[in-house]
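Hi,

Here is the model we talked about, with my notes underneath. Have a look at the structure, then read on.

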Amino acid sequence: MLLDGNDGWLIVDPTPKTLAQYVEIESKRAKVTAKLKELRETTSTTRDGRHIVLSANIELPGDVDAVEANGAEGVGLYRTEFLYLNRPSLPTEDEQYEIYRKVAERVRPDPLIIRTFDLGGDKLAPGTVDIADELNPFLGWRAIRFCLENIDIFKTQLRAILRASSVGNVKVMFPMISGLDELRRAIAVLDECKVELSSSKIDIAERLEIGAMIEIPSAAICASVLAPEVDFLSIGTNDLIQYALAVDRVNEKIAHLYEPTHPAVLRLLKMIADAAHDHNLWVGVCGEMAGDIALIPLLLGLGMDELSTAAILVPRVKRAVQSLTIPECRELVEETFKLDTASEILARCLELADKRYGDLLS
Ligand code: PEP
Ligand code: MG
C-alpha cells in the first residue's frame, strides 16, 4: 500500500508505474529538504530587503529544540494548555514558572510569546477543571472567558509568566478576546499580579509586552479599538476563519467550506493589519495560514510583520519569504480584492507562489 499524506490518497496494490512516480516525488522532495536545511542561519528577508519575523509555535516544552534546529526567531505562540491536560491536579505557580523559565532561557534573546490558557472548545481538561458539556463549546466557556471567571487559575498562570519575564524576552497574549471590556479586565488582572509580586520583592521584567489574539470577528472589526491598549496583535486564523465563516474547524463534513482565502477572511485580515499599523504596532499571524506557503504572498501583501508556524514548516516559509518582494505581494492583494470567490483568490496566490518557489509546492 502507498499512503500519500500530501494529497490524501491510500493506494492499494500500486502499479509499477505509480510506484515509480512516487519514488521520483520522494527523491525530488529529499533534494528540496536538503536545500532548505542550508537556510537555517539565513534571515527571513524578502528580495527587496524587508525582514519578516519568522517564529515557531510550540506546545510541549520539549518542542523548543525544534525552534532552534529549524532557524526560527523565537516562539510566536506557546500554547500552554498541555499543563492542564492528561493530569489529575492543577499546575502550581512554581511548576509553571520552572517550565516557562526553562523555555525562556533557551530562546532568549529571541522572544517567547506565552498565550494564557485557552481551555474549552476543542481543548478540554477533564479531571482538573470542570467545563461541563455545552451545546456549542466553541461559542462557550472558553479561553479568556473561562480565565476571567476562574481568577485563581488565571492569576497563578500570570504570576508564573511574570516571574519568567525576569529571565528572558517573555511576552504574554490573551486568546479569544472579543472586545475592549474583556481585554481591559484581563490587563487589570495582570496589573494586579504585577503589584503583588513587586510588593513581595519578587523579580519581574520592567516591562512585559502584551498582545491580543485576534481570532473572533468582533475583535477583527474592532481591532482599532483594541490596538491602543496593547503592544501587538497576533491573528489566530484557525479560529478567525471558523467564526467568520461559521464553519466548525473540527467538523469533517463541512471541511470543504473552511476557506482561508474567502473574500470575507481577506477583508478581516486587512482590517486587523491596518488597525495595528495605524497604531504603530506589529501584527503577526500564528494560525495555520502562516505555514501555508501558497498563502505567504497574500500575508506579506496584507502587511504582516510576523509569521509564526510549526517549527518544521519554518524553513519552507523562510524560502517563500526570501523569494518574494513586497510590491509584488501588494499587487497580488490588490488583485485578489477584485476577485469574488475563495477558489479564484487561491488560484491567483498559487500562480505567484508557483512562479517564485514552485519546487516547494510539488
Ligand atoms: C488560532 O486559532 O489560529 C490559534 C493559533 O489558536 P488555536 O489553534 O490554539 O486555537
Ligand atoms: Mg485559537
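**Around ligand 1**

A backbone N or O atom of G236 sits 3.4 Å from an oxygen atom of ligand 1. That falls within the cut-off for a polar contact, which is a pair of N or O atoms within 3.5 Å; within protein, one must be able to donate a hydrogen and the other to accept it, and residues adjacent in sequence count only if both atoms are side-chain atoms.

Before going further: this is a predicted model, in which local features need pLDDT of at least 70, side-chain atom pairs count only at pLDDT 80 or more, and totals for chains, interfaces and linings use all residues. Residues are numbered from 1 along each chain as its sequence is written, chains are lettered from A and ligands numbered from 1 in the order in which they are written, and side-chain values use heavy atoms, with hydrogens and water left out.

Back to ligand 1. N238 also brings a backbone N or O atom to an oxygen atom of the ligand, at 2.7 Å. R79 uses its side chain instead: a polar atom there lies 2.7 Å from a ligand oxygen. Ligand 1 has 15 residues around it (near means a heavy atom within 4 Å), and those that come nearest are R79, R115, G236, N238 and R249.

**The magnesium ion**

Ligand 2 is a magnesium ion, and its protein donors are E215 (OE) and D239 (OD), at 2.0 to 2.2 Å. Donors here are N, O and S atoms within 2.8 Å of the metal (3.2 Å for Na, K and Ca); water is not among the atoms, so the site may look incomplete. The two donors come from distant parts of the chain, 24 residues apart: E215 is in the loop between β7 (209–214) and α7 (217–221), and D239 is in helix α9 (residues 237–245). Helices (H or I, at least four residues) and strands (E, at least two) are DSSP runs, numbered from the N terminus. E215 and D239 are both buried, and buried means under 20% relative accessible area, exposed over 50%, partly exposed in between (1.4 Å probe, protein chains only).

**Empty space**

How many cavities of 30 Å³ or more does a search of the whole structure find? One, with about 80 Å³ of space in it. β4 (75–79) and α9 each give two or more residues to its lining. That lining has 14 residues, and R79, R115, E215, N238 and D239 lie nearest the centre. So R79 and N238 turn up again, both being among the residues that come nearest to ligand 1, and E215 and D239 are the magnesium donors from above. By class, the cavity lining has eight charged, three polar and three nonpolar residues. Ala, Val, Leu, Ile, Met, Phe, Trp, Tyr, Cys and Pro count as nonpolar, Asp, Glu, Lys and Arg as charged, and the others, Gly among them, as polar.

The largest pocket holds about 370 Å³. Its lining includes N6, R29, D292, R316 and S362, and α1 (16–37) and α14 (342–361) each supply at least two of the lining residues. The classes come out as four nonpolar, four polar and four charged.

On the terms: with a 1 Å grid over the protein atoms alone, a cavity is a set of points where a 1.4 Å probe fits but cannot get out, a pocket is an open set with protein on both sides within 12 Å along at least five of seven lines, and lining residues have an atom within 4 Å of a point. Grid points are joined across faces, edges and corners, and a volume is the space filled by probe spheres set on the points.

**Backbone oddities**

R108 and P109 are joined by a cis peptide bond, with omega about 5 degrees. P109 is in the loop between α3 (93–107) and β5 (111–115).

A143, in helix α4 (residues 143–149), has a positive phi near 55 degrees although it is not a glycine. A246 also has a positive phi near 55 degrees, and belongs to the loop between α9 and α10 (263–278). Which of these is buried and which exposed? A143 is buried, with a relative accessible area of 0%, whereas A246 is exposed at 68%.

**One more contact**

In helix α3, Q96 is buried at 0% relative accessible area, and its side chain makes a 2.8 Å polar contact with that of Y100.

Cheers
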